[in-house]
Amino acid sequence: MFLITGGCGFIGSHIATELVKRNEDVKIIDNLTTGKMENIEHIIEDVKFIEGDIRNLELLEKELRDVDYIFHEAAMVSVVKSVENPLLCNEINTTGTLNLLQAAHKNGVKKVIMASSAAIYGDDPELPKREDMLRTPLSPYAASKISLEDYGKIYNEIYDLNTVSLRYFNVYGPRQDPSSSYSGVLSIFSNEFMNPDPELTIYGDGKQTRDFVFIKDVVEANMLALKRNEMNGKIYNVACNKQNSLLEIIQIMEEITDKKAQINYEMRRKGDIKYSYADISRIKKHGFAPQYSIKEGLKKYFNSLL
Ligand code: UD2
């Protein structure tokens, strides 16, 4: 039995879909704060859905009794919200993760694969980001992901529970929610390109870069971490090792849709990182090979929105 925490969210729902495709038994725990039932409506007959919270240790202890493997995607996902409410971020992301690891340990779960984030690198200008670089958290969100990685290692070392942490860079693709101004930039832009006259806002000069990774490649990284025991107890960047600026992205979107976007420039966001991309040689050694260039990923994404 597989458990996906946050299985009604963007990334969790794609992992759940892949496991259902593989004919695995799947259970989802989600409190539906940011996750949505519509994200799993296509697999609802094939999964067991439990509306619940990872802050509820008793619930986890009960629900993990028949679980072999866990993908831990539940979290407060917004950096901005974590700055507004650090205590809540700590409860969900840190205590919630610790609850999960403890319940997994007690129930003899075989492996826990956890979602970490490139946020832990902070604004260290050295590029590309390697896993052995110093972590410099700049938000409660980043601090909570550091504690997730550390607890993961500790449970792997002293509690005999296999864990892997995956540091996601800028993930994009179908089912990503574009509704807030702090949603992923590609979900906001793609959504806008569905209009006849797309209007985009760029914070800064548009030359900032990100390592955008398509959701299907992120699912593959998770499947790899599940399969490869040599990855246990370690941390891996999950990205494409390519950087694209926002202006390049807009150009690609204009080509795909044959539309011209109107761009409004606003002040660079506070704390915004200028350039970001990942060294992925560590995970490549285990067979990770991203399949989707930014063009291919965006084409797929646009098709899903039509
Ligand atoms: C990503 C993660 C965040 C955290 C952070 C760590 C997402 C959605 N967010 O933030 O959780 O891990 O990395 O570094 O993956 N922008 C615009 N116009 C818009 C929206 C955004 O110009 O309408 C800019 C934004 O100011 C930034 C870039 O686009 O320069 C990317 O923004 P983002 O929010 O998609 O992702 P990022 O890298 O800030």
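Two strands are said to pair if DSSP finds at least two bridges between them. By that rule, strand β6 (residues 162-168) pairs with β11 in this predicted model: four bridges join the two, and they run parallel. One position helps to place the pairing, as L166 has Y236 for its bridge partner in β11. Strand β11 itself spans residues 235-238 and is covered on both faces. I235 and N237 are buried on one side, while Y236 and V238 are buried on the other. Y236 thus appears twice in this part of the picture, as the partner of L166 and as one of the buried residues of β11.

Further strand pairings meet at β4 (69-72). Strand β1, made of residues 2-5, pairs with β4 in the parallel sense over four bridges. Strand β5, made of residues 111-117, is also joined to β4 by four bridges, and here too the two run parallel. Y69 is a handy landmark for following both pairings. This residue is the bridge partner, in β4, of F2, and Y69 also stands opposite K111 in β5.

From β4 the chain can be followed into the loop that leads to α3 (79-84), and S78 is found in this loop. Buried residues have under 20% relative accessible area; S78, at 18% relative accessibility, therefore counts as buried. A polar atom in the side chain of S78 lies 3.3 Å from the backbone nitrogen of V80.

A second buried residue worth a visit is N222, which lies in helix α7 (residues 215-227). Its relative accessibility is 0%, so N222 counts as buried. The side chain of N222 is joined to that of Y168 by a polar contact of 3.2 Å.

The ligand offers another good place to look. It is surrounded by 20 residues, and the closest are S117, V185, T201, R210 and D272. Several polar atoms of the protein can be located beside oxygen atoms of the ligand. A backbone N or O atom of V185 lies 2.7 Å from one such oxygen atom. For Q208, a polar side-chain atom is 2.9 Å from an oxygen atom of the ligand, and for R210 an N or O atom in the side chain is 2.6 Å from a ligand oxygen atom. Taken alone, the ligand exposes 730 Å², and the protein buries 84% of that area. Two elements give two or more residues to the shell around the ligand, namely α6 (185-192) and β8 (199-203). Sorted by class, the shell holds 11 nonpolar, six polar and three charged residues.

Where does the ligand lie with respect to domain 1 and domain 2? Domain 1 covers 2-169 + 213-238, and domain 2 covers 172-210 + 241-278 + 292-305. Both domains give residues to the shell, so the ligand lies between them.

Finally, Y182 is located in the loop between β7 (170-172) and α6. Is Y182 buried, partly exposed or exposed? Its relative accessible area is 49%, and exposed residues have over 50%, so Y182 is partly exposed. In sequence, Y182 and Q243 are 61 residues apart, and in space they are 20 Å apart, taken from C-alpha to C-alpha.

Terms used:
Residues numbered from 1 in each chain as written. Predicted model: local features only at pLDDT ≥ 70, side-chain atom pairs only at ≥ 80, totals over all residues. Heavy atoms only, no water. Near = heavy atom within 4 Å. Polar contact = N/O pair within 3.5 Å; in protein donor to acceptor, adjacent residues only side chain to side chain. Areas by Shrake-Rupley, 256 points an atom, 1.4 Å probe, with all protein chains shown as cover. Nonpolar A, V, L, I, M, F, W, Y, C, P; charged D, E, K, R; others polar. Domains from an automatic or database assignment. Buried < 20%, exposed > 50% of the residue type's maximum accessible area, 1.4 Å probe, protein only.
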